[in-house]
Structures are given as C-alpha cells and as structure tokens.
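Work through the exercises below with the sequence and the 3D view at hand. Try each task before reading its solution.

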Amino acid sequence: MPDEIIRVEGLRKAFAVRDGETLAIDDLTIGLRQGEFLSVVGPSGCGKTTLLRCIAGLLERDGGDVRYRGERVRGVLPGLQLVFQEFNRSLFPWLTVERNVRFPLHGLSRAEAAERARHALALVHLETFAGHYPWQLSGGMQQRVALARAIAARAELVLMDEPFASVDAQTRIALERVLLDVWRELGLSILFVTHDIEEAILLSDRVLVLSQRPSRVIAELDVDLPRPRDQLKTKELPRFQDLREEIFALLGLDRDELLATGSPATT
Amino acid sequence: MSAVRLRGGKVAPALLGWVVAALLLLLWQLYAESAQELYLPTFTDSAGAAWDLLTGATLTSDVLPSVGRFALGYVVGCAVGVAVGTPLGYLRPLEPWVRPVLEFLRALPATAILPLALLVLGANGGMRVAVIAFGACWPVLLNALDGARHVDPVLVETGRVSGLGRFAILRRIVLPASLPQIFAGLRIALGIALIVMVLSEMYGASSGLGFEILNAQRRFMVPETYGGVLVLGLVGWSVSVLFTRVERRALAWHIGRTGGRSGA
C-alpha cells in the first residue's frame, strides 16, 4: 500500500537455546499506515517486545523485510523513537529532564534544541520540571518525559512497548489521554504493543492479535469507534464491548482450561 | 570540651574526630617527652621538621616536584585507564582477548617494576611519572571496563534509535553511565599512585619526598624522618579531600539517585 510508513513482510526471528533454537516470530506481516494508531496484543510471552525490537532494527532479523516508505531498511529505522516499558531505564539519570528531551537533537543549534524541548515538555505538561532529574519524578512523569523526547525528535514513527504497564491505574488513564492528544496534534504514526485489550481498543485505529509463540497475526480488527475517545463513554459503547469480546475469544481468554493448563512464562 | 555533647547537637560528630586526633597527638607528645627515646622524637619536634620541609628550600626542590610527578602520573594513568577500559567494556567481543593480559598486569605490584623501569628508562623524573601512571591505570581501567560492560542495554538502544554512532554512544552514554564505577577506580588509584610516588623516589633518586624521608633515616635525623612522613600524610589527605569534592560534583546525580550508596 502506498500510504504505509512501515511494512513488515514475512518477519522471522529465532533465539538460540540449549538444544537448538526456538522460534519467537514466524512469517509475521504488518503494515502501519501514515498517521495510524496501531496496537498489537497477544498472549503473555508471545514475543511482542522482540517484534518491536526487530522492527526498530535493534535486533537482527532472521528472515523477512522491513520497508520504510517502500524502501528496504537494514539496521536501525530512521525517524524513529522508542518508548519502553522500563521508563526508569531509558532516561539518562545524569541528565536533567530538559537534557534528556534534547538528547536526540544533536546537529541542531542550541537555541533551536532548547525551543523544541520546551515545546515538547509543554505538550506533556512538564514544562516546570525541565530542571529536575528523572529520578526525582514519579513513574508517570518519567514516561511523559520519554514521550516528550520522542516528540522533540520529530519522530514520525513511535514504537511503544507496553509504555503504561508499570504505572498505576489513574496515572495510566492520564497518560493515555496525553498520548491521544499528542498523536492527534502531531499526526504521529504509532505502533503500540500492549497486553491490555481495553487499552488497545480505546487508543487504536486497528488492533492486531498475535498467536502464541511463534507469533503470527491471527486477526486484524478495525476499531470503528468515534473519536475523540473517552475513558468512560467509549468503553460503554456496545461496539467496544463487542471488540473486547472478540479479542478475548481470539486470545482464548474465555475458556476455562486456560488456568488449568497454565500459561507460558511472561517475558 | 564541655561543648561537645555525645548525643544530639549537630556539631558534635564532626568535632569528635578532631578531638580524638588532638588527644592522640597530645599522648604522643607527653609520652615522647617522658620516655626520651632516641627513635621517638616529640610531636612538636617532628612537626617542626615537617614545617621546615614545607617552608625551606626543600619546598621547591623536593615537595613540589614530588607532588607534580604524582599529579602528572596519576592523571596520565587515569586517562589511559578510562580511554582503554571504557571501549573494551563496550565492545564486548574484544574483552575476552585481552582479559588475561589485563588481569596479569593488574596483579603486578607497580612497585615491583621499579627496578626494571630504572634499568630501562633511567633514573629520572620521567621514569617515576611512568611508573606512577602504570600503577594508577589498572584499577581505573578495570573499573571502567566493568562499568562499561554493565551499562543498561536500554540506554544504548535509546542512543541507537536517536541516530548516534558507536563513538557518540561511547562518549555520551557509556562513559557517563560508567562514571560511578570509574570513580571507585580513581579513588583506589589515588592511594596506589601515592605509594608508588614515595617508593619511586627511594630508588636512584637525589630529591623528592621519598628521598628526603629515606635520606633523613639513613643519617639518623630522626625528627626529620618523622617530619617527612607527616608531610606525606598531609599530601595524601589533601588530595583525598580534593578528590571527594570533585567526586561529589561529578556524581551528584548518582548520589542523589541512590541516596549516597556507592557502587554502580
């Protein structure tokens, strides 16, 4: 498709284990459209994080292609920023919030970089914390700094790896709102990995459901819910409930034997 | 004395140390005065000799050159340690190739190569600086190596997606992230450098603090021997205080984050 910013075709990734190798991802195909909010959900341990790192080019792929605007990419994707689940690990503890946000802006003049950082911090409502160090902030605030860094870098493409998985429920609601605002305002393309089905539906234009290892796309659902989305109203819509049930069923969460057989270890 | 309270009062703990130090000196003074032993001069005589060493012609002929060689050797050794250790830790595939060599050289006491250095490089200031640098570089190198090896991969990945090359990642991410461990190595190196400095001046030397101490001892100038040791202690102490200041500044972020616990 011409308006796709990222096209992942036939991706394959294996890891060496003691007796041979284990296949994490097999023949996985994903297209992310320009300006789209695409979520990926899957069972625990299905290789969602591996998938993101393969797409980003941080992990070597064992097969398949990643195309950026139609061009094959080897190595790290251009114009990309990552927001990790481990917010306390991706921010540099020796840099202030402002310096962290400016980090990817090498090559810009000092004034320009400062202005961009200020703007990005304002978008996530952290302008008054520019001089703080990351470890002086709460988890939710640190995650907003990571988001501000992606904004400041003018990333067209943001890959997010369960970014809100380790913050409390109320913070998560606030962060989801900030993310949707920023996404709409800047026209970002976002690939969002989560294990939270409701979060995926609430945020996304489309949801991809992955299978157990080796990961494949087993379903693709269009989230035809009106925007702007709302934490309460959107979740009450019958269509929201339908999508939720459908994904539940696809992941096998509606079956009783799930706990009896035990689920594989989480990543 | 009555102002020092053992409980409560914020001045007390800092002051206590000084009181103990003063008491020990007083004890030394009183004992030496009463015992009249040849090899135990009084504190005041020793301090007087130290004062002479610091204010006489020996300041420019012995004390300052010693401190200069110490500083130069230390800085060169530490610079080499960081410059070699950090990339070695970051470029993991290289490390197994050099590990045994590094471990062997590290285990070698720098003082043991002094006679060798004397033969090869000659009895001059450059030789002493080189041996001090050799002694100082190992703890820094190995700490930098370990620090760089254990940098959180997520930080490095953040650099890679931000379009940084290997060298930029090394300079902007790996180096600062390793600083807490590098500083631990720098502190160890400080002590080693001082030891090597003193000893290097006891081999084929005609000046320097180490030479003055040895020379005074050989000529049975007992207070002067004690004085030299006192000056040496003062130098080591001042350098250590200075180091702590620099460390607090450079690692303010680390101290704030970990609440002052050391280690990376």
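**Exercise 1.** Is A:Asp65 buried or exposed?

*Solution.* This is a predicted model, in which local features need pLDDT of at least 70, side-chain atom pairs count only at pLDDT 80 or more, and totals for chains, interfaces and linings use all residues. Residues are numbered from 1 along each chain as its sequence is written, chains are lettered from A and ligands numbered from 1 in the order in which they are written, and side-chain values use heavy atoms, with hydrogens and water left out.

Step 1: take the cut-offs, where buried means under 20% relative accessible area, exposed over 50%, and partly exposed in between (1.4 Å probe, protein chains only).
Step 2: A:Asp65 has a relative accessible area of 18%, so A:Asp65 is buried.
Step 3: look at its partner. A:Asp65 and A:Arg67 meet through their side chains in a salt bridge of 3.7 Å, N to O; the term stands for a side-chain nitrogen of Lys or Arg within 4 Å of a carboxyl oxygen of Asp or Glu.
Step 4: A:Arg67, at 31% relative accessibility, is partly exposed.

**Exercise 2.** Which parts of the chain does the pair A:Arg216 and A:Asp26 link?

*Solution.* Step 1: the closest N and O atoms of this salt bridge are 3.3 Å apart.
Step 2: A:Arg216 sits in the loop between S9 and S10 of chain A and A:Asp26 in strand S2 of chain A, with their positions 190 residues apart, so the pair links distant parts of the chain. Helices (H or I, at least four residues) and strands (E, at least two) are DSSP runs, numbered from the N terminus.
Step 3: A:Asp26 is buried at 18% relative accessible area, while A:Arg216 is partly exposed at 36%.

**Exercise 3.** What is the phi of A:Asp27?

*Solution.* Step 1: recall that most residues other than glycine have a negative phi, and most peptide bonds are trans.
Step 2: A:Asp27 is not a glycine, yet has a positive phi of about 50°. A:Asp27 lies in strand S2, residues 20-33 of chain A.
Step 3: B:Phe220 also has a positive phi, near 55°. B:Phe220 is in the loop between helix H9 (209-218) and H10 of chain B and is exposed, with a relative accessible area of 60%.

**Exercise 4.** Where is A:Pro214?

*Solution.* Step 1: A:Pro214 is in the loop between strand S9 (206-210) and strand S10 (217-222) of chain A.
Step 2: the peptide bond that leads from A:Arg213 to A:Pro214 is cis, with omega near -15°.
Step 3: a cis bond also runs from A:Arg227 to A:Pro228, with omega near 0°. A:Pro228 is in the loop between S10 and helix H8 (233-236) of chain A.
Step 4: A:Arg227 also forms a salt bridge with A:Asp205 (2.8 Å, N to O).

**Exercise 5.** How far from A:Glu162 is the nearest side chain of opposite charge?

*Solution.* Step 1: find A:Glu162 in the loop between strand S7 (157-161) and helix H6 (169-186) of chain A.
Step 2: Lys and Arg count as positive and Asp and Glu as negative; His and the chain ends are not counted.
Step 3: the nearest side chain of opposite charge is A:Lys48, 4.1 Å away, and A:Glu162 is buried without a salt bridge.
Step 4: contact means heavy atoms within 4.5 Å. Leaving aside neighbours within four places in sequence, A:Glu162 has contacts that include A:Lys48, A:Gln85 and A:His195.
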